[in-house]
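Student: Could you take me through one part of this structure closely? I would like to start at a single residue and work outwards.

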Amino acid sequence: MNRREFLKRSMVVVAGMAVPAAALQLIDPKQLLAAKPQLRWAFIVDAYKCVGCGFCVKACKLENEVPYEANISRTWVERYVVKKDGEVLIDSPRAARDGFTTKKIEVGDGKYREVRDEEIEKAFFVPKLCNQCENPPCVQVCPVGATYSTADGVVLVDRKWCIGCGYCIMGCPYGVRFFHPVHKVAEKCNFCYHRITKGMKSACVDACPFGARQIGNLRDPNDPVTRIIMTERVGILKEEYGTKPQVYYIGLSKEVR
Amino acid sequence: MKSHVWRPLFVAIGLVVLILTARVFIVPADFGIGERGYMYGWHRQGNEEEWKRVTVKYKTRAYCKECHAEKVESIGRSPHGALQCENCHGPALDHPKDPPTLTIDHSRQLCIRCHAKLHTPSSGRSKIRGIDPETHNPEAECSLCHDPHHPNLEELKRHE
């Protein structure tokens with residue numbers, strides 16, 4: 001090998017090494033389409049409109065066969081009572097299945113606190129449900145692939161595959177997951193996947209008499225829910241966790257966790 | 001190499017082969033990476049269909065209207081028109097086939113979900129007419145005096 005030949009070959013080798021591995025990968029059109037699907041479910045909760053009747057919780061539990069008397073629920077409503085002295089009281093008796101019917105505020109261990117009307121600065125209700133996060137931490141921690149995110153953005157649990165280890169229940173920063181006492185697997189809100197895939201709305205959305213809950217498609221710019229998210233002032237819960245929740249709130253307050 | 005090295009190595013290789021073969025039969029064919037990739041989409045595809053097959057129990061007002069069009073229409077004009085029939089009458093399921101009659105919740109507990117007076121100045125609840133359930137005829141069922149379909153007492157008198 002003479003000097004000319006050596007330089008020529010080494011240039012080819014250097015040029016070849018400079019090509020990144022990604023450039024040699026064949027692009028799968030299916031994968032590209034999946035990165036921007038036509039459907040992405042999102043939810044709007046208007047906390048101003050919520051009156052704490054709990055019809056959403058009742059409908060959810062019956063629709064999704066969550067044991068009615070057990071103190072567990074896929075969705076729940078929280079009452080926030082902010083007192084003039086700055087104290088914040090939060091309760092959700094039996095997940096608000098029977099609504100809020102008394103001024104007494106549950107403080108745990110079967111104890112109640114009575115707050116006089118004059119002491120209250122503000123009081124309001126906040127419905128909670130699964131945020132169907134874009135980056136769901138509950139899915140990452142599943143050791144067996146029993147919980148996953150669908151193409152349209154809903155996080156589901158495979159009841160046949162779940163081993164009931166409970167990692168996802170600990171992993172969810174919003175506390176929406178719980179252990180299903182009958183099926184013995186992790187359980188969570190799935191926006192009523194059986195309804196939304198049939199063109200219906202989630203049971204809680206239909207049950208709400210005040211329009212405090214709405215569901216829509218984020219990819220459709222003309223969807224009323226998408227329009228609200230794009231044009232109005234909406235908040236999300238625990239943004240600092242980086243989970244990118246897809247349940248948007250109108251009328252959030254700093255007390256809401 | 002001596003056989004005391006090869007023998008355990010064969011056992012180890014045999015175990016790996018055994019596990020890999022067993023895996024082929026145990027893991028369902030539709031198990032794999034879904035649309036959301038390795039991190040969020042690692043699942044059994046058939047499960048999505050299983051969730052879609054769950055039966056719908058709350059059929060909404062539109063279903064009630066198929067037979068009770070007149071009722072749905074007239075109640076829709078009352079102050080309770082915003083309420084779904086099924087909120088008080090219970091989920092329709094396959095009514096009228098199964099169940100032939102729905103169980104209506106007549107309880108005070110149902111009415112005071114909205115109409116128990118609470119002090120909630122920063123929520124829609126404060127705009128709803130409310131009573132103190134402990135002092136407002138505590139023993140009586142609300143429907144003794146109020147028509148749940150035309151809840152306004154003044155309006156009710158006009159109807160009679």
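**From one residue to the whole chain**

Tutor: Start with A:Phe43 in this predicted model. Leave out residues up to four places away in sequence, and A:Phe43 touches A:Leu129, A:Phe191, A:Ile215, A:Gln246, A:Val247 and A:Tyr248.

Now step back to the core. A:Phe43 is among the residues with the most contacts inside the largest nonpolar core. The others named with A:Phe43 are A:Cys56, A:Ala59, A:Phe191, A:Cys204 and A:Ala207. That core has 67 residues. Where does the core lie? It lies between domain 1 (41-133 + 188-250) and domain 2 (137-187) of chain A, because both give residues to it. As a general rule, nonpolar side chains in soluble globular proteins tend to be buried together.

Next, the two domains. Chain A is divided into domain 1, which takes in 41-133 + 188-250, and domain 2, which covers 137-187. Their centres, taken over C-alpha atoms, are separated by 20 Å. Domain 1 of chain A puts 19 residues into the contact, and domain 2 of chain A puts in 16 residues. Look at the domain 1 side of that contact by class. There are eleven nonpolar, five polar and three charged residues.

Now the whole chain. Chain A has eight helices and twelve strands. Of its 257 residues, 42% are buried. Take the contacts in chain A with a separation of 6 or more. Residues 24 or more positions apart account for 62% of them.

What about the overall form? The C-alpha trace of chain A spans about 95 × 40 × 35 Å along its principal axes. The radius of gyration of chain A is 24 Å, whereas a compact globule of 257 residues would have one near 18 Å.

Last, the neighbour. How many residues of chain A are in contact with chain B? There are 47, and they meet 39 residues of chain B. Several elements of chain A give two or more residues to this side. The helices are helix 3 (55-63), helix 4 (137-140), helix 6 (193-196) and helix 7 (203-207) of chain A. The strands are strand 6 (120-128) and strand 7 (147-149) of chain A. Strand 6 of chain A gives the largest share, five residues. By class, the side of chain A that touches chain B has 25 nonpolar, twelve polar and ten charged residues.

Note on methods. Residues numbered from 1 in each chain as written. Chains lettered and ligands numbered in written order. Predicted model: local features only at pLDDT ≥ 70, side-chain atom pairs only at ≥ 80, totals over all residues. Helix = DSSP H or I, 4+ residues; strand = E, 2+ residues; numbered from the N terminus. Rg over C-alpha atoms; globule rule 2.2 N^0.38 Å. Buried ≥ 20, exposed ≤ 12 C-beta atoms within 10 Å, placed from the backbone. Contact = placed C-beta atoms within 7 Å. Core = buried A, V, L, I, M, F, W, Y, C linked by C-beta atoms within 7 Å. Domains from an automatic or database assignment. Nonpolar A, V, L, I, M, F, W, Y, C, P; charged D, E, K, R; others polar.
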